[in-house]
Amino acid sequence: MTKKVEFLNLGLQPLANYYLTKNKLDKKEKKYRLIICYDKKDKLISIKKTFSSKMMFNNNYPYRSSMSKTMIKSFKDLSNIIKKDFKPRKILEIGSNDGSFIRNFKKKEIIGIEPCANVEKITKKQKYNTYPEYWTSKLANKIIKQNGKVDLIYSANTISHIKNLSEVFKAINLVLNENGILILEDPSLLECLNRNTYDQFYNEHIYVFSTIALENILKKHNLEIFKIDKLTVHGGSNRYFIKKKNNNIKTDISVIKHKKEELKKRLNQLSCYKKFAVRVKNSKNELIKIFNRLKDDNKKIIGYGATAKSTTILNYCKINQNIIDYFLDTTKDKQDKFTPGTKIPILKYKGSIDNDVDYIFLGAWNFKEEIFKKEKKFINRGGKFIIHTPKPKIL
Ligand code: JHZ
Ligand code: SAH
């Protein structure tokens, strides 16, 4: 047994992405204590209480990658890099969601894995070869039988959502050619700590990886990181380029640089996480102060982007409809529902902000630039935003 140390308690939380319909408002919601742990052996950060994949990713899953132009562009840019640098004949994406990445490739070139059948049906309808299944060795063998092995695997914001990492990498090793490339993309723990974005922790994010921890896990499966690209998406993500051990691609300087940076910030020491926990508590108090001050002045506040991340903030800081009148969101499957735990209504975004709104809490703070561009009218009439990162403030 490896030794896990608890360092942060984000209180009782509902499941993120479990938006409530009106008829469920009076029913008791499933709640769990969101505790974050540090594994002294692998230096891996994980949440203590986990839920089954079926519980989180099923036929009612509301998240759609295509809701932001930023992500669509990021996937397109990556597809160009892949075509230019690796020229793969066959690609596999794990967690293909609504096809925002796979759409950049020809149908015969790419396979998608997306267990939420309500989302997978979007790509199936467009005649992409997608499987509505969870990523396992069994599925890997089925794919090999039906399609052969693949030259490149891409998985963004998905591996960190699967508890059994051994099984994930075992299955990847099965289906990936000996000279094949694995590209993983997930929020960077270093950025999460630098920006105090404690809302990266919720039930779906079982892990938030550091390069140090990911490398420790990959080693067990004879996989090696040979390059890291730092991305600005989702509040700072890392794109890891990974190869099988026997493949002699040279290791890029970015790997050494990134690890150095993490070691400098002591991501391999418990003390670093204990300090983060103190900053998180202060952040909560500061955010509550801002909201209370604005409400004392009778300001009207709404939320923008009913994100999974904001579930953590709202429930940890106990922000409900007394403070935020409603959220706006472009996602159809979230509209006319209520935020988990805090029961704030989510309304359809109709292209502009009502004139009586004074402040907007940025649930989708990670798309701040995209949103600011869109909401020039609100900004020009003096409307302000509230953000919790790196410190709670009004913008
Ligand atoms: P966004 C989800 O997290 C869950 P969330 C998951 N666990 C994960 O890791 C990431 O995605 C990848 C809306 N919006 O991407 C759309 C607008 O309304 O930050 C979305 O509901 N208007 C899989 O939920 C939300 O905001 C806009 O202009 O934290 C953004 O969600 C824009 C840009 C977005 O992920
Ligand atoms: N890759 C997309 C989607 C991220 S959302 C993006 O970066 O925007 C995470 C996706 O992973 C969901 O669509 C979810 O259904 C999928 N997922 C979760 N568990 C999985 C598993 N065990 N196997 C494959 N996909 C999984």
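The surroundings of the two ligands in this predicted model are described here, one ligand at a time. Local features need pLDDT of at least 70 and side-chain atom pairs count only at pLDDT 80 or more, while totals for chains, interfaces and linings use all residues. Residues are numbered from 1 along each chain as its sequence is written, chains are lettered from A and ligands numbered from 1 in the order in which they are written, and side-chain values use heavy atoms, with hydrogens and water left out.

Around ligand 1 there are 26 residues (each with a heavy atom within 4 Å of it), and His-161, Glu-204, Lys-309, Lys-334 and Lys-374 come nearest. By class, this shell holds 9 nonpolar, 11 polar and 6 charged residues (Ala, Val, Leu, Ile, Met, Phe, Trp, Tyr, Cys and Pro being nonpolar, Asp, Glu, Lys and Arg charged, and the others, Gly among them, polar). Polar contacts, here pairs of N or O atoms within 3.5 Å, join oxygen atoms of ligand 1 to the side chains of Asp-329 at 2.7 Å, Lys-334 at 2.7 Å and Thr-331 at 3.2 Å. Taken alone, ligand 1 exposes 730 Å², of which the protein buries 97% (Shrake-Rupley method, 1.4 Å probe). Helix H10 (308-316) and helix H11 (368-374) each give two or more residues to the shell (helices are DSSP runs of H or I, at least four residues, numbered from the N terminus); H11 gives the most, with 3 residues.

Ligand 2 is surrounded by 18 residues, the closest being Ser-65, Gly-95, Glu-114, Ala-156 and Asn-157. They divide into 11 nonpolar, 5 polar and 2 charged. The side chain of Ser-65 places an N or O atom 2.7 Å from an oxygen atom of ligand 2. Backbone N or O atoms lie 3.0 Å from a ligand nitrogen at Trp-135 and 2.9 Å from a ligand nitrogen at Ala-156. Of the 570 Å² that ligand 2 exposes when taken alone, the protein buries 98%.

Methods: A polar contact is a pair of N or O atoms within 3.5 Å; within protein, one must be able to donate a hydrogen and the other to accept it, and residues adjacent in sequence count only if both atoms are side-chain atoms.
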